[in-house]
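Student: I am new to this structure and would like a close look at a single part of it. Could you take one sheet, go through it carefully, and then show me how it sits among the rest?

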Amino acid sequence: MNWKIWSLKKSPWVFHVNTGACNNCDIEIVNLLTPKFDVERFGIKLVGSPRHADALLVTGVVTRQAAPRLLEVYRQTPKPCVVFAVGACACETGIFHNGYHVAGPVDKVIRQIDPNAIIAYVPGCPPKPEAMISGVVKALSVL
Amino acid sequence: MPVRTLEVFSRGFAVGEGKRAIMTDTMQRMFWIVVFPGFAFTLFLGLLAGWVVRKVSALVQWRVGPPLCQPFMDVLKLMGKETLIPADAHRTMFILAPVVGFSGILVLAAMLWQACLNPQVPFVGDVIVAMYIMVLPSLALIIGSSASASPHAAFGASREMKLILGYELPLVLALIVVITKSGGQLSLAALAGQTPVLSVSGLIGFLVSLLCVQAKLGFVPFDIAEAETEVSSGVLIEYSGTLLAIWKIMQALMLVALPLFLVVVFMGGLGTSGWPLVWGICKLVLVLVLVILIKNTNPRLRIDQAVRFFWVYCGIAAAAAVILAAIGRGYGIGWL
Amino acid sequence: MSDFLRLKERRIMNHQQLIAELAGIKDRLTGIDETSNNRLYLNCKAEDSFAVNKFIFEHVGARFLIATGIDAEDCFEVLYHFSYDQTGCVITVKARIDDRQKPSIESISTFLPAAEWIEREIHDLFGIEIINHPDMRRLILSDDWPEGVHPLRKRVPAEAAQEKEK
């Protein structure tokens, strides 16, 4: 494992993208970043721009309107990066399966431009912050 | 013992004194600039200081905080990411801006270390040169964000410009206090010989310039330009990869150079060896602790509140300090 | 008729008085349902919905909540929900549109600007034409959604959008 991946594991900066979520997962992500769960011990920091990010926390089933925007955000994230599909809707469209406005779950949309994207799934509706931490740590340990 | 080693190094690197020249003159200077106490040493100290800031903030918030290697890992990781430059950005300025800022703060740090550890060298740079060079990092931030071709960056740039307009005035006034007390001497080595902070006007000047340094470092309550939640990291929004790493390195160097500047100008500098050196390091740590304290106990200000604060409150206080210093100097009252 | 088109001063009424007040437009309603003690349904035809809504909003003084579109198999329905805050009663005006080929209803945003967006949404999702709407642009469907496909109609399958594009 080269030094780039090793340092990425030690200091993953996250950027939060909402592609049409009901906001439940977003509330849980914001809860995650409060001092109570202290994700700074893992080096995780919330950044304000996708260009500073190493991990994208994507919530929501990707709507048709949001799909090109999610792809643009993904393109602007410098590689190597990890995409976390947070919540049942992001992992596999959840209750919006076959909906008229759905462009696909997150992995289907992202693999249109990058078939080798690293995508991690954190299911739940919404997933608890502890589940998200566990997902992030597990994903980083298999990088 | 480390303090004895410091003395040996500083004597060995003095220009023209080659009693037992370990290396040639150029190599000595290169070592001085690049390794100790130039770039590598200041960077190490700066990242360490950055860790201290984050750890203390975490402890104040009853949480654990990052491990010691965290800031080093951050910079290393940024070096390993790809550097994306927006298509509309002005490429040359975009790339040059962090380099200019970084070199500016590096020159300032080298000057200050030279003045502290090697005061007998003839021209080390005086306080006016230091003031000019101190503007370079902030200027580079403005140029870099203006070259970014992003409305958020434009917001950040305009706020940073207003902030600079705000704090430069009280900072210059506070430095005038120091120059007045020294009787008109400008060189850093001479200013390091006196301790203005023990007098009334010097104390006011120190507090005013502490707040100006807080704004220059971009810490709360004055981190208006790089507010994460408000303007999506305003000035640095389009930077990534190695260029962002250079910005972070510049911020780390600033975290050492600016408190060192305050110590040299207001608190009597670092000693060169023995107990004065230990006391000097304590003074540096004290300034850092004050910066962290202010950072952790205040919310972020709006830009108009910040400019009003600097011009009205700090400006009037610094002007009063200048008058007191002039009176003290004129009538020979030492404590004024 | 001119009685209820004027804006009357809003007096506080209890539930009995509210029901009595509805006598003012009784001739335009096809039926009144009281499904519970704080839920009223006023059924009317699409042509009368403008007048009934104006009465409820201006004469009775109820607060507009939201509107709903329904694709019943033999007709379209647009429901306008009002809340009479003094008693906590929710009054729903149920307008029935019988023409399934070219459904249309008059916009109430001429006197109720708050209804502009929900009428745009009903138009997007059902294809009901809203007459006299000040700003009929696409609201909720994505920019690349084909024209003429209204997804909340019962007979439109989920893949209809892709088929129309082909």
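Tutor: What follows looks closely at the sheet of chain C and then moves outward to the other chains.

The model is a predicted one, and the part to begin with is an open sheet of five strands in chain C, whose order is β1-β2-β5-β4-β3 and whose pairing is mixed. At its edges stand β1 (29–36) and β3 (63–72) of chain C, and because each has a single partner strand, one side of each is left without a neighbour in the sheet. From one strand to its neighbour in this sheet there is a turn of 20 degrees on average, with direction ignored.

Within the sheet, strand β2 (residues 39–45) of chain C and strand β5 (residues 89–97) of chain C run parallel and are joined by seven bridges. To find one position along this pairing, look for C:Tyr41, which has C:Thr92 of β5(C) standing opposite. As background, strands of a sheet pair through backbone hydrogen bonds, either parallel or antiparallel.

Two helices of chain C can be placed against these strands. Helix α3 (residues 49–60) of chain C lies across β1, β2, β3, β4 (75–84) and β5 of chain C, and its direction makes an angle of about 165 degrees with β5(C). Helix α4 (residues 116–126) of chain C, in turn, lies across β3 and β4 of chain C, running at about 10 degrees to β3(C).

Moving outward from the sheet, chain C meets chain A in a contact to which chain C gives seven residues and chain A gives six residues. On the side of chain C that touches chain A there are four nonpolar, one polar and two charged residues. Between chain B and chain C, by contrast, there is no contact, and their closest C-alpha atoms are 24 Å apart.

Chain A has parallel strands of its own, and strand β3 (residues 55–59) of chain A is a good place to enter them. This strand is mostly covered, with five of its five residues buried: A:Ala55, A:Leu57 and A:Thr59 lie on one side, A:Leu56 and A:Val58 on the other, and both faces are covered. Strand β1 (residues 13–18) of chain A pairs with β3(A) in the parallel sense over five bridges, and in that pairing A:Phe15 has A:Leu56 as its bridge partner in β3(A). Five bridges also join β3(A) to strand β5 (residues 82–86) of chain A, again running parallel, with A:Phe84 of β5(A) as the bridge partner of A:Leu57.

Of the two pairs of chains that touch, chains A and B have the most contacts between them, with 19 residues taken from chain A and 26 residues from chain B. Helix α1 (residues 3–10) of chain A supplies five residues, the largest share of the side of chain A that touches chain B.

In chain B, attention turns to nonpolar packing. The largest nonpolar core has 92 residues, among which B:Ala109, B:Leu112, B:Leu253, B:Ala257 and B:Val264 touch the most other members, and its largest share, 21 residues, comes from helix α11 (residues 241–266) of chain B. Setting aside neighbours within four places in sequence, B:Leu112 is in contact with B:Ala257, B:Leu260, B:Phe261 and B:Val264. A second, separate core of 41 residues brings us back to chain A, since among its members are A:Leu57, A:Ala67, A:Ala85 and A:Val86.

Notes
Residues are numbered from 1 along each chain as its sequence is written. Chains are lettered from A and ligands numbered from 1 in the order in which they are written. This is a predicted model: local features need pLDDT of at least 70, side-chain atom pairs count only at pLDDT 80 or more; totals for chains, interfaces and linings use all residues. Helices (H or I, at least four residues) and strands (E, at least two) are DSSP runs, numbered from the N terminus. A nonpolar core is a set of buried Ala, Val, Leu, Ile, Met, Phe, Trp, Tyr and Cys residues joined through C-beta atoms within 7 Å. A residue is buried if 20 or more other C-beta atoms lie within 10 Å of its own, exposed if 12 or fewer, and partly exposed in between; C-beta atoms are placed from the backbone. Two strands pair if DSSP finds at least two bridges between them. Axes are lines fitted to C-alpha atoms, for helices over the stretch in contact, and angles run from 0 to 180 degrees between N-to-C directions. Ala, Val, Leu, Ile, Met, Phe, Trp, Tyr, Cys and Pro count as nonpolar, Asp, Glu, Lys and Arg as charged, and the others, Gly among them, as polar.
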